[in-house]
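Visitor: Hi, I have a model open and would like to talk it through with you. Could we go over the strands, a pocket and the cysteines?

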Amino acid sequence: EGVSASTGLVAVHAYPVLDIRRCGQHRLLHLKNPWGRVRWKGRFAPGDRAWSEVLDGRKLSETIGYERSKVDDGHFWISWNDVVKNFSHLYLSWQPSAVGSYRSEVHGRWDPEPHFTHSILSDDSHFVGYNPQFYLRLAQGRVAWALLSRHVHVRSELSETYVAMHVYRGARRICCPDPVDLLAQGVYSNGECCLVKLDSTALGC
């Protein structure tokens, strides 16, 4: 994941939205880099002149309640227009009952010991045979959402480990992924969860 020198944004990275405000013509979102550092450098970045704009007799920073942090904590405000320019996806939290009638939860544990720490393979970087895998049969025209969430015990580990969800065609367990069977490539995130939309029509299955 590379950091853009011009924008300060991290490529292929997920940012949680902490707040949304509308002040005059400005639509602003409060985002946080899960790393706890590296902030946006564009308009409405910390120290940007835009915060001095006066609306109804008050500075925009006062209206929002914005105070510039002396340290880079990963928090920043960004305009909706810049979000559209720099981000490709936006996922919203929801009440499960609001988007569908059926819901299923699976809880488990994935431990890399001893399969990866004591592997006998000369190169197991692409081996996913021991990764959690699930088979879902989706009728034509149906849509399902899959949420992969992990329980975090040590917060510092988030910046070093990543989660992602990929969708493949077929009912067999996958050991070494074949691009031919790949239906949807997930985005690697060092956050606590990742969300994937499964649309049988769009996926062509």
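Guide: Happy to, and we can take those topics in that order.

Guide: One thing up front: this is a predicted model.

Visitor: Good to know. What is the strand order in the open sheet of three strands?

Guide: The order is E1-E2-E5, and the pairing is antiparallel. E1 and E5 sit at the edges with a single partner strand each, so one side of each has no neighbour in the sheet.

Visitor: And by how many degrees are neighbouring strands of this sheet turned against each other on average?

Guide: By 20 degrees, with direction ignored.

Visitor: How many bridges join E1 to E2?

Guide: Six bridges link E2 to strand E1, residues 17-23. One of the pairs puts Val 17 opposite Leu 31 of E2.

Visitor: What about the hairpin of E1 and E2, which residue there takes a positive phi?

Guide: That is Gly 24, with a phi near 60 degrees. The hairpin has two residues between the strands.

Visitor: Now the other side. Over how many bridges do E2 and E5 pair?

Guide: Five, again in the antiparallel sense, with E5 covering residues 75-79. Leu 28 has Ser 79 of E5 as its bridge partner, while Lys 32 is matched with His 75.

Visitor: Why is E2 called largely enclosed by the rest of the structure?

Guide: Because five of its seven residues are buried, where buried means under 20% relative accessible area.

Visitor: Switching topic: which residues line the second largest pocket?

Guide: The lining is made of Gln 25, His 26, Arg 27, Arg 43, Phe 44, Ser 79, Trp 80, Asn 81, Asp 82 and Lys 85. Strand E2 (26-32) and helix H2 (80-86) are the elements that give two or more residues to that lining.

Visitor: Which element gives the most?

Guide: H2 does, with four residues.

Visitor: And how do the residues of that lining divide into nonpolar, polar and charged?

Guide: There are two nonpolar, four polar and four charged residues. The space in this pocket comes to about 150 Å³.

Visitor: Last topic, cysteines. How many disulfides does the structure hold?

Guide: Zero. For Cys 176, the nearest cysteine sulfur is that of Cys 175, 6.4 Å away, whereas a disulfide needs the two sulfur atoms within 2.5 Å.

Visitor: Is Cys 176 buried or exposed?

Guide: Cys 176 counts as exposed, at 54% relative accessibility, because the cut-off for exposed is over 50%.

Visitor: And Cys 23, buried or exposed?

Guide: Cys 23 is buried, with a relative accessible area of 9%.

Technical notes. Residues numbered from 1 in each chain as written. Predicted model: local features only at pLDDT ≥ 70, side-chain atom pairs only at ≥ 80, totals over all residues. Heavy atoms only, no water. 1 Å grid on protein atoms, 1.4 Å probe; cavity = no way out; pocket = protein on both sides within 12 Å on 5 of 7 lines; lining within 4 Å. Points joined across faces, edges and corners; volume = space filled by probe spheres on them. Nonpolar A, V, L, I, M, F, W, Y, C, P; charged D, E, K, R; others polar. Buried < 20%, exposed > 50% of the residue type's maximum accessible area, 1.4 Å probe, protein only. Pairing = 2+ DSSP bridges. Axes fitted to C-alpha atoms, helices over the stretch in contact; angles between N-to-C directions.
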